[in-house]
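The report below goes through selected strands, sheets, cores and individual residues of one protein chain. Please keep the sequence and the model at hand while reading.

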Amino acid sequence: VINKTLLSNGLNNGLAGMWSFDGADVISSVASDKSGNGNNATLTNTTAATFYTTGKIGQAFNFDGTDDYLTKTSTNAGNFTSGTISAWVNPITLTGGSGCNTHNGSNACMAVVFNDDFGYFFGVNSDGAILLDLGNSGATGWAVTTSNTAANQVIANTWTHIAVTISGTAKSFYKDGSLVVTNTVAANNGLKMGSNSRLGIGGSARSSTSYHFPSKIDEVRIYNRVLSTAEIKRLYNVGISTVNSSRNNQLKDGLVGLWSFDGADITSNSILDGVGVNNGGFINGATSSALTMGRIGQAMNFNLSTYVKVDSTTGLPSGNASRTVSAWVKTSNTFNGFALDYGTNANTQRVYLGIYQGSTACTGGSSNRVAIAGVGGANVCGTSAINKGFWHHIAAKYDGTTWLVYADGVQEGC
């Protein structure tokens, strides 16, 4: 899984607004603008249980097409006549939106980005065409992709990268990193993001019922410059190299507890158990930096005072019952620590899975090794270093008699 934000790969030059929708970038129902311009957008009419979803890169928002939208009432990035807008979209359906005077007499336009005050609109038409309006003057201001072939259309239930560049009268549309068409449209009010400019994402920022797009939307970007064809291809390529699907529905046989830390599995200060058993946990000591990019989707960034407490352990194995425990970990320092700790305080019943330092944990133990301790009084350490600053998968299994430990999928032991 390549699961990283796109701010460090040279594609941040000229960003006027960038909304990743990743868990670490959504705080108290506000989606942070990662461009640095402060265009943080407020979630409106959203329901946490259904709005947060697995995106093309990290986390996405799942707009219902009825009244979900994001709004920034007064943007802070200036006004410009040349620029680029891009996003990943995965429509639930292509029916919805609101009337607009576009091509082919169609009257269903659905917004990815909509500036109500200065009249620019970027989104999708009900026939799958990608739309742009910079004129705020009816049909004379609209530019559209050719929509009569599948190669040029956005289709439902499929992730598609869409982009448009504005350079004078030329409006160039891109689908999945490739140029589709360049249209000449004289009308051009520009991409205005100065003060008193109201911006909506997923629908109109002025109305709770207009131009709403029933779609998953991810990685929305607005630039104050025209990206090259190669740069747009790079934006697309990063997305297609990302395997970013939830693992909640995989390897479920015998699964009795799963805490993904993804946005859809977090409500307020609680972590939901992805198995569906009542083994949710309460987040203690978390700050705004506790949510971060994970190895798969979103992760929790634990410090020395942050932890998740699960009061109910319904269905978790006890006694000498067989079990397997596992986690992805990325340490920032070298110290003894547990990724998982459950059971009674008796040494023979409590299970610890984590990283141990030194040789005191078990015979032959060395610094920075995966280790298991607990049932049967066993302490078993791995042999490969769990290096700080890198993601590692650690696991242990017990057959009722013997513990085995694994580091990055390989069985180890001392």
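## Basis of the description

Two strands are said to pair here if DSSP finds at least two bridges between them. The model is a predicted one, and the statements that follow should be read with that in mind.

## The sheet from β26 to β33

With pairing as defined above, strands β31 (residues 392-398) and β32 (residues 403-407) run antiparallel and are joined by five bridges. Within this pair, K397 has L404 of β32 standing opposite.

Both strands belong to an open sheet of four strands, in which the order is β26-β31-β32-β33 and the pairing is antiparallel. The edges of this sheet are formed by β26 (323-329) and β33 (410-412), each of which pairs on one side only. On average, and with direction ignored, neighbouring strands of this sheet are turned by 25 degrees against each other.

## The sheet from β27 to β30

An open sheet of four strands is also found in the order β27-β28-β29-β30, again with antiparallel pairing. Its edge strands are β27 (337-342) and β30 (379-381), each pairing on one side only, and the twist from one strand to the next averages 15 degrees.

At one end of that order, strand β29 (residues 369-373) pairs with β30 in the antiparallel sense over three bridges. Here A371 of the pair faces C381, which lies in β30.

## Strand β7 and its partners

In a regular strand the side chains alternate between the two faces of the sheet. Strand β7 (residues 69-72) shows Y69 and T71 pointing one way and L70 and K72 pointing the other way, with all of these residues buried.

Strand β7 pairs with strand β4 (residues 41-44) in the antiparallel sense over three bridges, and T71 in β7 is the bridge partner of T42. Strand β7 is also joined to β18 by three bridges, the two running antiparallel, and in this case I201 in β18 is the bridge partner of L70.

## Nonpolar cores

L70 appears again in the largest nonpolar core, which has 41 residues and in which F61, L70, V112 and I222 are the residues with the most contacts inside it. If residues up to four places away in sequence are not counted, F61 touches F21, V26, A31, L43, F51, Y52, T53, L70, S215, K216 and I217. Another core, of 18 residues, lies apart from it and includes L316, I386, W403 and V405.

## Two buried polar residues

N90 is found in strand β9 (residues 83-91). Its relative accessible area is 8%, and because buried means under 20% relative accessible area, N90 counts as buried. A polar atom of the N90 side chain lies 2.8 Å from the backbone nitrogen of T158. Leaving out residues up to four places away in sequence, N90 touches N157, T158, W159, S215 and K216; of these, S215 and K216 are also among the residues that F61 touches.

S210 lies in the loop between β18 (199-201) and β19 (214-223). Is S210 buried or exposed? With a relative accessibility of 18%, S210 counts as buried. Although S210 and C109 are 101 residues apart along the chain, their C-alpha atoms are separated by 9.2 Å.

Conventions. Residues numbered from 1 in each chain as written. Predicted model: local features only at pLDDT ≥ 70, side-chain atom pairs only at ≥ 80, totals over all residues. Heavy atoms only, no water. Buried < 20%, exposed > 50% of the residue type's maximum accessible area, 1.4 Å probe, protein only. Polar contact = N/O pair within 3.5 Å; in protein donor to acceptor, adjacent residues only side chain to side chain. Contact = heavy atoms within 4.5 Å. Axes fitted to C-alpha atoms, helices over the stretch in contact; angles between N-to-C directions. Core = buried A, V, L, I, M, F, W, Y, C linked by side-chain atoms within 4.5 Å.
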